[in-house]
Every structure is written in C-alpha cells, then in structure tokens.
Amino acid sequence: MKNTPHRSNLMLPALLLLAGTDAQAASGLHMWGAGPTLSTIAWPGAYPNSFPKSTQDEDPNPRNNLESVKGDAALAGRGLIYLSNKQRIGARLNLGFGGGYRATTLTVEYEKSIFRQDNINVFVGGGIGVGKLKFAQGENGTLSTNTYNTRLQIGAIYRDKQGRKNAADDRAYEIALFATPIGFNGPETYEYGNVTVQDPDSASTFAFLTSDDSDNQKLNGSLYNPTIGIEVSVLFGDFTSPKKKKKKNR
C-alpha cells in the first residue's frame with residue numbers, strides 16, 4: 001500500500017481556498033436563513049393510507065398485523081437561499097416519528113412569491129426528495145423501504161429584520177400547508193418473528209407483466225401517498241433585502 005500523507009498536505013490548502021471562496025460567496029447572498037421546522041400529517045388521519053400485503057398465502061401479512069399511526073410528528077432542519085425577493089431555493093432534512101413510525105427524508109425545493117407586502121411574503125412551490133421509511137411495531141413486525149418523494153407547499157412568512165445587512169441577526173416565522181401528491185418506494189422488507197418477506201432488488205410495480213417471475217413483488221398494494229400536512233418554522237439569518245444602488249450622474 002502506498003503512503004498518502006503528502007496527498008493530505010496538498011489537499012489542505014485546496015480545502016482552505018474553497019472554504020474562503022464559499023465564505024465570500026455567502027457574503028454576497030441576497031438573503032438566507034436556516035432553522036428548525038415542526039410538522040404533522042393532517043390527512044390521512046392514520047398513516048399510511050395502506051400497508052402492503054403478502055402475495056404468498058404462507059407468508060405473514062403486514063396489512064393484517066401492522067397498525068396505522070395516529071398523532072405523528074416530524075422535526076426538520078431547513079435552509080433557505082433567496083435568489084431575489086420573489087424567488088428562493090431550499091433544502092431540508094426531515095425526521096418523522098410516532099407509534100413505531102420512522103421516516104427520514106432529504107428534500108430540495110424551489111418556491112416563488114405570489115404575494116408581498118412589507119415584511120410578509122406568501123410563497124408557493126415544491127420539491128423532490130429521497131428517504132427511508134420504517135414501521136417497527138414489536139411483535140407485529142417491522143416494515144421498511146426506501147422512498148422517492150414529491151412535495152407541494154404554500155406558506156406565509158414574516159421577516160423580523162433587524163436592518164443590519166449580512167449580520168445574521170434577523171429572524172423569520174413561517175406557517176405552511178404541504179402535500180405529497182405522488183411518491184414511489186423501492187423494494188419493501190417485512191420482518192415478522194424469525195420470518196423475513198423481502199421483495200427482490202429488481203422488483204417493480206409492473207413486474208408481473210413480464211414472463212420472468214424472479215422480479216415479482218413479494219409485497220404489494222402499499223400506499224404511502226398522497227398526504228396533506230401543516231408545519232411551522234423559525235428561521236435565523238439575514239432576511240433584510242439589500243438596498244438598490246443608486247446610479248451616479250456623470
């Protein structure tokens with residue numbers, strides 16, 4: 001094996017240079033913010049809409065054993081970058097929980113303002129994301145899968161600006177309605193006692209249309225979307241719009 005310390009020494013200045021470049025770029029942002037978000041699924045009243053069922057009669061059936069979750073909650077870390085007063089992009093890492101339910105989702109988003117009055121904006125937009133979903137309910141078994149998500153949202157935000165540009169001492173408060181209209185999931189796995197029912201890696205919803213039985217689902221019929229929810233966010237950063245520079249007369 002070759003020694004690599006000299007490579008680390010070469011990389012360190014490059015990393016410091018990149019960090020400095022990023023810091024300079026951050027200072028020129030229109031506005032930005034980051035902070036926590038608390039949310040819950042309002043519809044359906046019990047999540048999910050439908051658990052999958054086993055395609056083989058001899059296999060344990062998650063639809064008969066697992067219980068839908070009521071009273072869920074989710075906590076997210078969220079970041080926003082304003083491209084202008086009316087456009088912004090964002091990302092969030094969302095952690096959902098309740099009644100053995102666990103969901104981890106990373107989403108990237110784009111939103112546009114449809115109403116602006118003083119420090120109040122109404123944004124509408126959406127995003128896409130990936131995640132993991134798990135229902136661990138003890139003797140009832142454990143169901144897990146990967147998810148591919150879409151998201152629509154409309155929210156009103158109030159910018160409590162302090163007036164010092166790039167001082168990161170502003171705050172913002174937002175309330176929003178969101179929906180996950182369409183979503184897809186990967187192969188599902190259900191563990192019940194000493195028995196594991198697992199979709200093959202090549203499983204898909206339409207695999208039954210082919211003559212190859214090796215990619216048929218062992219679990220099907222799950223419905224994790226659509227959902228509708230509500231969320232509140234508290235954000236910290238720079239929410240003071242930069243002043244337009246006046247043109248000097250010659």
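**Exercise 1. Which strands each supply at least two residues of the lining of the largest cavity?**

Solution. Keep in mind that we're working with a predicted model.
- Step 1: start by counting. By the rule used here, there is 1 cavity of 30 Å³ or more, and the largest cavity holds about 420 Å³ of space.
- Step 2: look at what sits around the middle. The lining has 26 residues, and Asn94, Tyr101, Thr105, Asn149 and Thr180 are the closest to the centre.
- Step 3: go through the strands. Those giving at least two lining residues each are S1 (31–43), S3 (73–82), S4 (87–98), S5 (101–117), S6 (120–136), S7 (142–160), S8 (170–180) and S13 (227–238).

**Exercise 2. Sort the lining of the largest cavity by residue class.**

Solution. Go class by class: you should get 12 polar, 9 nonpolar and 5 charged residues.

**Exercise 3. Find the aromatic pairs, then work out how Tyr82 and Phe239 are arranged.**

Solution.
- Step 1: tally the pairs; the structure has 8 of them.
- Step 2: check the geometry of Tyr82 and Phe239. Their centres are 6.1 Å apart and their planes meet at 90 degrees. Planes over 60 degrees apart count as edge-to-face, so this pair is edge-to-face.
- Step 3: place the partners. Tyr82 is in strand S3 and Phe239 in the segment after S13, so to speak distant parts of the chain, 157 residues apart.
- Step 4: ask about exposure. Tyr82 and Phe239 are both buried.

**Exercise 4. Pick out the aromatic cluster, and say what lies over the face of Phe123.**

Solution.
- Step 1: group the rings. Tyr47, Phe51, Tyr101, Phe135 and Tyr224 make up one aromatic cluster.
- Step 2: turn to Phe123. Arg88 lies over its face, 4.0 Å from the ring centre.

Note on methods
Residues are numbered from 1 along each chain as its sequence is written. This is a predicted model: local features need pLDDT of at least 70, side-chain atom pairs count only at pLDDT 80 or more; totals for chains, interfaces and linings use all residues. Side-chain values use heavy atoms; hydrogens and water are left out. On a 1 Å grid over the protein atoms alone, a cavity is a set of points where a 1.4 Å probe fits but cannot get out, and a pocket is an open set with protein on both sides within 12 Å along at least five of seven lines; lining residues have an atom within 4 Å of a point. Grid points are joined across faces, edges and corners, and a volume is the space filled by probe spheres set on the points. Helices (H or I, at least four residues) and strands (E, at least two) are DSSP runs, numbered from the N terminus. Ala, Val, Leu, Ile, Met, Phe, Trp, Tyr, Cys and Pro count as nonpolar, Asp, Glu, Lys and Arg as charged, and the others, Gly among them, as polar. Rings of Phe, Tyr and Trp (its six-membered ring) pair if their centres lie within 6.5 Å; planes under 30 degrees apart count as stacked, over 60 as edge-to-face and the rest as tilted. Buried means under 20% relative accessible area, exposed over 50%, partly exposed in between (1.4 Å probe, protein chains only). A charge sits over a ring if NZ of Lys or CZ of Arg is within 6 Å of the ring centre and within 35 degrees of the ring normal.
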